Amino acid sequence: MSTAILTGQPVPGSSLESDLRSLGFDVLHAADAADTEILLAAVPAQERVAVVDARFVGHPHALRLGLTDPRFPLAAVPGALTAQPAGRAALTRALARETAESGAAAHGGATTRAKSSVGDVDSLASLASLADRVVGALVADGDDVHRPELGSLVAEVPADPQTRNEARQAVAAVDDEAVRLKSAVKARDGFFTTFCISPYSRYIARWCARRGLTPNQVTTASLITALIAAGCAATGTRPGFVAAGVLLIASFVLDCTDGQLARYSLQYSTLGAWLDATFDRAKEYAYYAGLALGAARGGDDVWALALGAMILQTCRHVVDFSFNEANHDATANTSPTAALSGKLDSVGWTVWVRRMIVLPIGERWAMIAVLTAVTTPRITFYALLIGCAFAATYTTAGRVLRSLTRRAKRTDRAAQALSDLADNGPLVEALVPVLKGRGPHLAPLSAAGGAAAMVAGAWAFGPSWWVVLMAGLYVLLSTEAVSRPLKGALDWLVPPIFRAGEYLTVLVLAAESDVNGALPAAFGLVAAVAYHHYDTVYRIRGNAGAPPAWLARAIGGQDGRTLLVAVLAALLTAAQFTVALTALAVAVALVVLVESIRFWVSAHKGGAPAVHDEGEPA
């Protein structure tokens, strides 16, 4: 139970106390700052506490936004502030100072506080502003106090009956529930999601909230629906494909609903953000596998296309993550390209066109669902590969231009994030001291040269010792790429280049082995490794840092895995290579899943700060 301390004389007819109780607060009353300090000290340290002016007038949702959001240790709206356990020390310190200053002023004769009198307007006005004065003290101390965007919602502390009446009229003029429903929808989303899903999914979110369902439960329901859709696609029949398309759209509706439910009820959590992001990738890639299985039942082998689609989509995401991390806290973060983009955003229709051509998750899943229902898996994958390739070219070219024209100094934090995303193993770690500082440092060129040589060698020579030689060159060039901090204008390209090099090597060698089962095994291996890379991204986004160093060493890093796959391809027969890929996929999956689940569950139980991703549509 959270505790709210109402300061000042209760106002007859006010619904404030009942509003606070409806938000889960136990309500206490304090006459002044000294009483508030005493009550605050009595509240258990592990509970949320709020200080609210008894004269507060506003919408219940304004109080909800200001006092119940789990993402912020300290938050406030006019006339009310709250502190979670992480912010209690700062609140206690600021309130103690306010109490001392109020006491000194009273003893000095500057102010007289008559607790039982309602005629002294100056003293009541001073008392009414206690919450805001404490917020001012917190800000003066350098504490970060979150102030939610209220929009048309009302939150104020009237000083007299006339302004109170005006405030109540303003509250009555705005539909609190309509504002809450509107705010449940992500501010920036794709065209399909905005106009075809969100107009009704927000009402599903409200229905779920009123029945006590959590966002994590809805996220799980979305995953189950997508897995059933993949199972239907795997039947290889036209009714199965139609059902798969319908269920994929239903899964996406639930995927939108979980985020809207989180915003509607402010049920944010570290675990929830991870589940939402991870399950999105699991749903899509499981569906690719279902399509490939369904095509195989009809005599068409599209596993290479399915794996190619997964590789392309993962590399697109890594481009997004790397670019954003590289520029997360860059100084002088401007460029002519960014200025042009801003001008285009001022023209309404260009915004939607640009959001559609990058093929975000809504448009992508809608296309996959429709093509699954009316065409074949092969056509579906061809369209997906062409669309994603165009989108990747468009977004990457724009980001390259921004990087080349931007005068920005990148920080040590950004360089460390890119290094973590690179996923280097013990081989690169051992070679970095040898190559560090030798010759010019051209990280993207070195990474691209190594990846190109590796993939071309696998394509030209197939499973052979020549490929092992190419893998050795790949390791050396990977080492050169990361031998110095990744602070160059285009160094954010290094992680996605590494992803493409490793994943495509597995794809090409599996295809060149020309044996049944090799490509499905390669699909499983890339899926397991991609999970590890996504997990690294979500940890960095949650300010938890990269996975432990032992994990990268245990699964070899991108350099070690690439060399290992090349050696296995050269050393084993095609059938043995398939078994080896399968075993490697299982081993990597077990290690990364166990460690990942352990980390996120412990972070959730340990009270890690709640997060919610409002970034670009995936």
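## Reading a predicted model together

Me: How many disulfides does this model hold?
Reply: The count comes to 0 disulfides. Keep in mind that we are looking at a predicted model. As a general idea, a disulfide is a covalent bond between the sulfur atoms of two cysteines. Here a pair of cysteine sulfur atoms has to lie within 2.5 Å to be counted.

Me: Let's look at two of the cysteines, then. Is Cys208 buried or exposed?
Reply: Cys208 counts as buried, because its relative accessibility is 5% and the cut-off for buried is under 20%. Cys388 is buried too, with a relative accessible area of 1%.

Me: Now helices. How far does α13 reach from its first C-alpha to its last?
Reply: Helix α13 covers residues 303–326, and its 24 residues reach 34 Å. That is close to the 34 Å expected at 1.5 Å a residue. As for its surroundings, α13 is mostly covered, with 21 of its 24 residues buried.

Me: Where does UniProt place the feature "transmembrane region"?
Reply: The unreviewed UniProt entry gives residues 379–401, 465–483 and 563–594. You can then ask what the model shows at such positions. Residues 379–401 are 100% helix and 0% strand, and their end C-alpha atoms lie 33 Å apart. For residues 563–594 the span is 94% helix and 0% strand, with 25 Å between the end C-alpha atoms.

Me: How should I read the aromatic rings? How many aromatic pairs are there?
Reply: The count is 16 aromatic pairs. A good one to start with is Trp274 and Trp600: their ring centres are 5.7 Å apart and their planes meet at 15°, so this pair is stacked. Trp274 belongs to helix α12 (residues 270–297) and Trp600 to helix α26 (residues 574–605), so the pair ties together parts that are 326 residues apart in sequence. Trp274 counts as buried at 8% relative accessibility, and Trp600 is buried with a relative accessible area of 4%.

Me: What about Tyr285 and Tyr288: how are their planes set?
Reply: Their planes are at 45° and their ring centres 5.6 Å apart, so the pair is tilted. The general idea is that an α-helix has 3.6 residues a turn, so residues three or four places apart point the same way. In this case Tyr285 and Tyr288 are 3 residues apart in helix α12, about one helical turn. Tyr285 is buried, and so is Tyr288.

Me: Which residues form one aromatic cluster with Trp352?
Reply: Phe191 and Phe195 join Trp352 in one cluster. Trp352 also has a charged neighbour: Arg355 lies over its face, 4.9 Å from the ring centre. You can find a similar arrangement at Phe599, where Arg539 lies over the face at 4.1 Å from the ring centre.

Me: Let's turn to a polar contact. What does the side chain of Asp32 reach?
Reply: The side chain of Asp32 reaches the backbone nitrogen of Asp35, at 2.9 Å. Asp32 itself is found in the loop between β2 (25–30) and α2 (33–42). With a relative accessible area of 13%, Asp32 is buried.

Me: One last exercise. What separates the C-alpha atoms of Ala414 and Pro485?
Reply: The separation is 9.4 Å, although the two residues are 71 residues apart along the chain. Ala414 sits in helix α18 (residues 412–422). At 1% relative accessibility, Ala414 counts as buried.

Technical notes
Residues are numbered from 1 along each chain as its sequence is written. This is a predicted model: local features need pLDDT of at least 70, side-chain atom pairs count only at pLDDT 80 or more; totals for chains, interfaces and linings use all residues. Side-chain values use heavy atoms; hydrogens and water are left out. Buried means under 20% relative accessible area, exposed over 50%, partly exposed in between (1.4 Å probe, protein chains only). Helices (H or I, at least four residues) and strands (E, at least two) are DSSP runs, numbered from the N terminus. The expected span of a helix is 1.5 Å times one less than its number of residues. UniProt positions are given in the numbering used here, feature names are shortened, and annotations may be inferred rather than shown by experiment. A polar contact is a pair of N or O atoms within 3.5 Å; within protein, one must be able to donate a hydrogen and the other to accept it, and residues adjacent in sequence count only if both atoms are side-chain atoms. Rings of Phe, Tyr and Trp (its six-membered ring) pair if their centres lie within 6.5 Å; planes under 30 degrees apart count as stacked, over 60 as edge-to-face and the rest as tilted. A charge sits over a ring if NZ of Lys or CZ of Arg is within 6 Å of the ring centre and within 35 degrees of the ring normal.
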